[in-house]
Amino acid sequence: MKKARERFGARMMLRWNSARELIRTIRAGEPLKISPDMDFGLCDSEFAPFFGVQACTLASVSRLARATGAAIVPVTAEMLPVYQGYVLHILPAWTDFPGDTVQSDLRRMNAYFESRILPDPAQYYWVHKRFKTRPDGAPTIY
């Protein structure tokens with residue numbers, strides 16, 4: 001999978017790699033794509049509302065922006081009908097990010113995802129189980 005994803009010149013870093021490598025990459029001016037809407041468990045994550053449900057959300061985007069001053073540029077992919085491919089939407093960089101707290105940044109990111117999902121929920125990749133990690137005492141959703 002790594003080889004296939006790197007075939008167009010991108011470099012893929014594994015999520016368990018050192019944060020130092022991510023910071024070096026950003027400081028070298030290389031673009032870096034992180035999917036903060038993935039639930040990788042409690043490591044470097046906090047709970048933030050996503051469609052009214054507390055969702056384990058990666059805090060790395062906020063923390064890396066704080067550490068490096070990197071611009072956060074939202075990118076979404078749209079699946080075209082009948083297997084015609086994808087359209088990549090690269091939007092303007094966010095202003096005032098990071099905000100006052102990591103938690104406020106996570107709420108902003110999740111609100112952004114909701115705004116992109118609501119017009120066409122079938123476009124979102126729900127298969128990755130966005131709600132698999134639950135707060136203490138919360139019932140499982142799946």
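A residue counts as buried here when its relative accessible area is under 20%. With that in hand, welcome to a quick tour of this predicted model. We start with helix 4, which covers residues 102-117, and then visit three backbone details: a cis peptide bond at F97 to P98, and positive phi values at F51 and V82.

**Helix 4**

- Nine names are worth keeping at hand for the inward side of the analysis: V102, D105, L106, M109, N110, Y112, F113, E114 and I117 are buried in helix 4.
- Those buried residues pack against strand 1, strand 2, strand 3 and helix 3, the last of these being residues 60-68.
- The length of helix 4 checks out, because its 16 residues should span 22 Å at 1.5 Å a residue and its end C-alpha atoms are 22 Å apart.

**The cis peptide bond**

- Going from F97 to P98, the peptide bond is cis, and its omega is near 5 degrees.
- You will find P98 in the loop that runs between strand 4 (86-90) and helix 4.

**Positive phi outside glycine**

- F51 is a residue other than glycine, yet its phi is positive, near 55 degrees.
- The loop between strand 1 (45-50) and strand 2 (53-58) holds F51.
- With a relative accessible area of 31%, F51 is partly exposed.
- V82 is not a glycine either, and its phi is positive at about 55 degrees.
- Look for V82 in the loop between strand 3 (75-79) and strand 4.
- V82 counts as exposed because its relative accessibility is 69%, and the cut-off for exposed is over 50%.

Definitions and conventions: Residues are numbered from 1 along each chain as its sequence is written. This is a predicted model: local features need pLDDT of at least 70, side-chain atom pairs count only at pLDDT 80 or more; totals for chains, interfaces and linings use all residues. Side-chain values use heavy atoms; hydrogens and water are left out. Helices (H or I, at least four residues) and strands (E, at least two) are DSSP runs, numbered from the N terminus. Buried means under 20% relative accessible area, exposed over 50%, partly exposed in between (1.4 Å probe, protein chains only). The expected span of a helix is 1.5 Å times one less than its number of residues. Contact means heavy atoms within 4.5 Å.
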